[in-house]
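This report walks through one protein model, from its overall build to single residues. Please keep the sequence and the 3D view open while reading.

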Amino acid sequence: MNEPAVSNQSLWLRRLLPPVIVVGAIALAIALVSLRPQPESVAAEERVVPVQTMTVARSDLPIVIQSQGTVIPRTETTLVAEVSGMVRSVSEKLVSGGYVRQGEVLVTLDDADYQVTVSQAEANLLSAEAQLTQEQAQADQAAREWDLSGRPRENAPLLALRTPFLKEAQARVLLAESELARAQRQLERTRIRAPYDALVREKLVDVGQYLGAGSQVAEVFATDYAEIRLPLSANDLAWLDLPMPGQSLIGQSVPVELRAEVAGEKQKWRASIVRTEAVVDSSSRMYYAVARMQDPYRLSSGGTGTPLLAGTFVSASLQGRVLSGVYRVPPAAMTNDNQVMVMDQEQRLRLRPVTIIHADTNWLYVEEGIQQGDQVIVSPVRVPVDGMRVNPVQVAS
């Protein structure tokens, strides 16, 4: 009768033993973890970022507008022959790059036929003048004879005073004079002259070549001044005092500094804005101001200074209006969210929202957001965090 009871007790022991073992193991693990020695806590070292700073000061600063353009001569001319003939001589200065003075003879054509034409015109004039003298004498004689009749000269018929014959003789003289003048002009045109002080771009003829009227002789361009068309945006115009289209500023000063590299060296020239063009480029929506530089080839100044050659691509800095009481900081001081990095007295980075009234490639012009004497961080900071410690290196402002 006791065998079933013993059997039930064994069954309960088998069922309870696994949970007891698990609970015991967990309790033992907790005890071991809680009794292990705790490591000493070490405070994390604060990261210090090296930066460059500059001290800012409020001042009055001129706006400088940047542009660029190509130097073009004031005037370019293709010289042509106005009469036909064989080329007899060519000036030694008529070579590419040669400098010629206004009125200087560049090409001489064979003028024998034109000399004959002038002689014929002179002979015709002498004949016409002789006929006029004869007709004048006859008209005077007729007038005297009419006066002897006692009648008023106003009542005399035109033929009686030989008036039509006298006018015809006078007309022949005028015609002969005009023909002589034309023949002399044709003769003069056998000598092709420089229309102004110029440099020769290209020589197109040589000795022995026959030229017809209208044949091209040479290409020249003026050297008294050069011009540069400078594209400007609508925002640029807001900072510049430029003439209205159709107005000229010649004699006034709107300074422009031109820069280019010549023979591996950077060069500068002074110019000035003289006018604006009355059109807007339909593709770029840009306005154009025209800068002028006097004596670009340094020919009038005795050759001193580096010449600015036609066709040179130049960068231009235009002097704009003056901003009163602004701070100037480099673009590197600005973060992506339009804040300026400033170092406080505890050498910690502070982010300041600022008001920028103008920006160019080199500077930001700040009106509000920073103060006199602030140390602005001008070196790049990869991840700027407000309050992070920095190690400053002062740079020139």
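## Overall build

Helices and strands here are DSSP runs, numbered from the N terminus: a helix is a run of H or I with at least four residues, a strand a run of E with at least two. On that basis the protein chain holds four helices and 21 strands. The model is predicted.

The chain has 397 residues, and 33% of them count as buried. Contacts reach far along the sequence. Take those between residues at least 6 apart: 74% join residues at least 24 apart.

## The aromatic pair

A pair of aromatic rings is described by the distance of the centres and the angle of the planes. How many aromatic pairs does the count give? The count comes to one. The partners are Phe221 and Tyr297, with ring centres 6.0 Å apart and planes at 45°, so the pair is tilted. The tilted class covers angles that are neither under 30 degrees (stacked) nor over 60 (edge-to-face).

Phe221 sits in strand S10 (residues 216-222), while Tyr297 belongs to the loop between strand S14 (287-294) and strand S15 (313-329). The two parts are 76 residues apart in sequence, so the pair ties them together. Are these residues buried or exposed? Both Phe221 and Tyr297 are buried.

## The cavity

Searching the whole structure turns up one cavity of 30 Å³ or more. The largest cavity encloses about 40 Å³ of space. Its lining comprises 13 residues. Those nearest the centre are Pro73, Ala226, Pro296, Tyr297 and Ala310. Tyr297 thus appears again: it is a partner in the aromatic pair and a lining residue of the largest cavity.

Which elements each supply at least two residues of this lining? They are strand S2 (59-73), S10 and strand S11 (225-232). S2 gives the largest share, three residues. By class, the lining of the largest cavity has 12 nonpolar residues, no polar ones and one charged residue.

## The pocket

The largest pocket has a volume of about 180 Å³. Its lining is made up of 13 residues. Leu237, Pro243, Pro245, Thr276 and Tyr287 lie nearest the centre of this pocket. By class, the pocket lining divides into 11 nonpolar residues, one polar and one charged.

## Arg352

Arg352 lies in strand S17 (residues 349-353). Its relative accessibility is 25%, so Arg352 counts as partly exposed. The buried class stops short of that value, as buried means under 20%.

Leaving out residues up to four places away in sequence, Arg352 touches Gln339, Val340, Val342, Gly369, Ile370 and Asp374. Two of these partners have further detail. Val340 is 12 residues from Arg352 in sequence, and their C-alpha atoms are 5.2 Å apart. Asp374 makes a polar contact with Arg352, side chain to side chain, at 3.0 Å.

## Thr335

Where is Thr335? Thr335 is placed in the loop between S15 and strand S16 (339-343). With 12% relative accessibility, Thr335 counts as buried, because the cut-off is 20%.

Which residues does Thr335 touch, not counting those up to four places away in sequence? The contacts are Met341, Leu351 and Pro384. Of these, Met341 falls within S16 (339-343), and Leu351 within S17 (residues 349-353).

How values were computed:
Residues are numbered from 1 along each chain as its sequence is written. This is a predicted model: local features need pLDDT of at least 70, side-chain atom pairs count only at pLDDT 80 or more; totals for chains, interfaces and linings use all residues. Side-chain values use heavy atoms; hydrogens and water are left out. On a 1 Å grid over the protein atoms alone, a cavity is a set of points where a 1.4 Å probe fits but cannot get out, and a pocket is an open set with protein on both sides within 12 Å along at least five of seven lines; lining residues have an atom within 4 Å of a point. Grid points are joined across faces, edges and corners, and a volume is the space filled by probe spheres set on the points. Ala, Val, Leu, Ile, Met, Phe, Trp, Tyr, Cys and Pro count as nonpolar, Asp, Glu, Lys and Arg as charged, and the others, Gly among them, as polar. Buried means under 20% relative accessible area, exposed over 50%, partly exposed in between (1.4 Å probe, protein chains only). Contact means heavy atoms within 4.5 Å. A polar contact is a pair of N or O atoms within 3.5 Å; within protein, one must be able to donate a hydrogen and the other to accept it, and residues adjacent in sequence count only if both atoms are side-chain atoms. Rings of Phe, Tyr and Trp (its six-membered ring) pair if their centres lie within 6.5 Å; planes under 30 degrees apart count as stacked, over 60 as edge-to-face and the rest as tilted.
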